[in-house]
2 protein chains.
Amino acid sequence: MLAPGALAALSELFGPRLSTAGAVLAQHAQSESLIAGPPPEAVVFPETTAEVAALARLSAEHGFPLVGWGAGTSLEGHALALQGGVTVDFARMDRVLDIRAGDMIVRVQPGLSREALNRELRTTGLFFPVDPGANASLGGMASTRASGTTAVRYGTMRDNVLALEVVLAGGEVIRTGSAAAKSSAGYDLTGLFVGAEGTLGLITELTLRLHGQPEAVSAAACSFPGLAAAVDCVIATIQSGLPMARIEFLDAATVAAVNAHSRLTLPLSPLLLVEFHGSPAAVEEQAARFGELAAAFGQTGFQWASATEDRSRLWAARHAAYHAILASRPGCLAMVTDVCVPISQLARAVEETAADIAASPLPGPILGHVGDGNFHAILLVHPQDPAEVAAAKALATRMADRALRLGGTITGEHGIGAGKRGLMAAEHGAGWQAMGRIKTALDPMGLMNPGKLVP
Amino acid sequence: MLAPGALAALSELFGPRLSTAGAVLAQHAQSESLIAGPPPEAVVFPETTAEVAALARLSAEHGFPLVGWGAGTSLEGHALALQGGVTVDFARMDRVLDIRAGDMIVRVQPGLSREALNRELRTTGLFFPVDPGANASLGGMASTRASGTTAVRYGTMRDNVLALEVVLAGGEVIRTGSAAAKSSAGYDLTGLFVGAEGTLGLITELTLRLHGQPEAVSAAACSFPGLAAAVDCVIATIQSGLPMARIEFLDAATVAAVNAHSRLTLPLSPLLLVEFHGSPAAVEEQAARFGELAAAFGQTGFQWASATEDRSRLWAARHAAYHAILASRPGCLAMVTDVCVPISQLARAVEETAADIAASPLPGPILGHVGDGNFHAILLVHPQDPAEVAAAKALATRMADRALRLGGTITGEHGIGAGKRGLMAAEHGAGWQAMGRIKTALDPMGLMNPGKLVP
């Protein structure tokens, strides 16, 4: 419980940017997924790093938790105030601070969304590629080590965050990394905070790598007679070294939902959406080589989308897939699973998952960033039906176990949050305890996003 | 001091693979650079992870330090037993454990050298690209977060180590990462141990990313009228997005040393060595675009080396540059500086450094992996002449200060070791203290490579 003294100090620090209004608290108790939490006791909207540092000093002094909040698009309840305390909403720290086109980097505040960043970059010839689908905040994306459709070409947040400013528990402000492209100067603190889900500190500034806008872009939708053919085509494509910019899998159920939601008429069979980036000649060569591979795996329909408008429509539909699937079973919420396996195990992992879902009472369309070996089943459940919720949990746990058995990971991009903490020991063994020791070293009072990620 | 009980226990564990022979101890008291240390008290040659774990238990029980040793090619005295104890020489843990061509990964032991790995991979169509010049061990390369000539295209060890097995202080064995291409499952422990220089644990196994051997390779040596023209050409090349596989700078003094050492007749002016990887068509296109850029910066001579033999000769000469420079001033040792700056600041950093060296009494040829903004001055000193040593240290410190002032880092690839610990506070401020807290959390007794990297 926030002591009255703490609330008074917060009020002095944030004035009208402190809220304890029921609606504001309730808004910060929700997430995009099945997971909900108790509301925080207060929400603050800092505007500067100095304010966040002062807030962390108050947190240590009064012993209340701090939970960072970006866009609220997390799927594992990362930003829920499970143990009360103060949610730190970065909505007012959303500026682009410095575009350094010559160095292909940009400094931003954590509340900036990826789409807003790319709007600001439009005239520079550069773009920020990491694209998890949702218009997430960049601070949140760094904290969950997000990736998405373009990671197969441009990497994840791990690869695209170059430097950070972080407020530690107790209020100390550190800078990690530099504007140089690489460094061997000590522990990779940048890499440690990327994916730490706010449990080690609050990110108040990010330096991100940018990439040149590709000269030419071409996309295609390619249907396959069955799931195995589509997935095997992905494996062959990746193993051939073809530099795909995107290669996304949608099963027939996902295609049906997307068609209904986005008014498309894609054939109702397993689909790959692919995209190529490069010089016009390179894109043409890549597309031709992919076409040959797809033919070898018996593709049953190939639709090109070279015009910007057609491509945008296709990818908008892909990005709307989550909501399309939700809309396919009204009244349901989604348990969004997220595993990642070595590419050689992808076909087996997807097929076993599909069979497991087919044998369950739940619909669970499958889709994913299969170029990385990363895929999701969107398990649709009536949240009031305990049997459905239990069935979904059992399916999700079996998916995670299967991923581990095949040499993979329990989460490719969504992170641990509150939802997957129970699976951490299975993946990391004694390594999970080592994470706990690092947590205690940097946050001895356990004030930074408590109840998440670590033991 | 190793207690007699400790020595007896070590002897029981390692038998003839424990050595206290003077010659063996002396060999492990040297490094490739000016930095030397006291000899360790004993050297052991483990063959299994279990032996390393048992060793770490003995270390904790008897309180003696453990210092990992790979190929002894470190340039900052990382592997010197500054506080005595036992050097752990991984020479007998040098096997390729598992090549998974379909997943483009390989599991190896830490004592394996990068050249030996690539020999084993030759028939697979894959290769391991990270190339620091020296034939370093892969465990050592991971521990120093090494990079080198190909990092501009393929990344550093940070990007190419996917998973580790690590023996922690006290003997616990953990596995970090997985065989999946990415993961969001908790703190990036793999990234934390890469670059930790053995201060957090001993790496006993690595899973590395492999890359497809390029279909076509083409290389060229390109001379420029002056240092500024060469460096400006690099900056323009990187900013153009041209996917260089290598782009190396050698100043005129380095070229002279290389000519003498490798019997070449390169023009005595600043030189770029470049290499292109890709399909035959892509390589041709890239080379043509680079040629246009080089012409725009007034290149004064362009030598192609498309035949394998010519390329090998050129890169062998580049890799021998360090020894060529050493040979250019007999009786001298080298202080090898290593800074990395944002690419936009590269010309300024190199020019100011060259002017600083020219005003000093020392020869200091400059070369580097300039596509990353990373360069070195090889300062040649008579180790018995305190004035020369002092002048070299002053130059090196000014280089580091300059790199920080320009937004860069005090080391792009060589690491901190014993040599650069005094500069860590300047680069990281309070972040260095955070590193110390992590160190204490994982190695509370301070037994893992003490005296290095952390406060």
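Colleague: In what order do the 4 strands of the open sheet in chain A stand?
Modeller: This is a predicted model. Its open sheet has mixed pairing. The order of the strands in chain A is β1-β2-β4-β3.

Colleague: Which strands of that sheet stand at the edges?
Modeller: An edge strand has a single partner strand, so one of its sides is left without a neighbour in the sheet. In chain A that describes residues 18-19 and residues 66-69. These strands are β1 and β3.

Colleague: How do β1(A) and β2(A) run, parallel or antiparallel?
Modeller: Strands of a sheet pair through backbone hydrogen bonds, and both directions are possible. Here 2 bridges join β1(A) to β2, residues 42-44 of chain A. The two run antiparallel.

Colleague: Which residue in β2(A) stands opposite S19(A)?
Modeller: Start from the pair of strands, β1(A) and β2(A), joined by 2 bridges. Opposite S19(A), in β2(A), stands V43(A).

Colleague: At about what angle does helix α1 of chain A run to β2(A)?
Modeller: Helix α1 covers residues 4-14 of chain A. It lies across β1, β2 and β4, the last being residues 86-89. Its angle to β2(A) is about 25°.

Colleague: And helix α3 of chain A: at about what angle does it run to β3(A)?
Modeller: Helix α3 spans residues 49-62 of chain A. It lies across β2, β3 and β4 of chain A. Its angle to β3(A) is about 150°.

Colleague: What radius of gyration does chain A have, and why does it agree with a compact globule?
Modeller: Chain A has 455 residues, and a compact globule of that length would come near 23 Å. The C-alpha trace spans about 70 × 55 × 40 Å along its principal axes. Of the residues, 60% count as buried. The radius of gyration agrees with the globule value, at 22 Å.

Colleague: What share of the contacts in chain A with a separation of 6 or more comes from residues 24 or more positions apart?
Modeller: The chain holds 17 helices and 19 strands. For contacts with a separation of 6 or more, the share from residues 24 or more positions apart is 71%.

Colleague: How far apart are the centres of domain 1 and domain 2 of chain A?
Modeller: The domain assignment places domain 1 at 1-213 and domain 2 at 216-323. In domain 1, 5 residues are in contact with 9 residues of domain 2. Taken over C-alpha atoms, the centres are separated by 33 Å.

Colleague: What relation links chain B to chain A?
Modeller: A rotation of 180° with 0.0 Å of shift along its axis superposes chain B on chain A, at RMSD 0.0 Å. That is the relation of a two-fold axis.

Terms used
Residues numbered from 1 in each chain as written. Chains lettered and ligands numbered in written order. Predicted model: local features only at pLDDT ≥ 70, side-chain atom pairs only at ≥ 80, totals over all residues. Pairing = 2+ DSSP bridges. Contact = placed C-beta atoms within 7 Å. Axes fitted to C-alpha atoms, helices over the stretch in contact; angles between N-to-C directions. Rg over C-alpha atoms; globule rule 2.2 N^0.38 Å. Buried ≥ 20, exposed ≤ 12 C-beta atoms within 10 Å, placed from the backbone. Least-squares fit on C-alpha atoms with pLDDT ≥ 70 in both. Domains from an automatic or database assignment.
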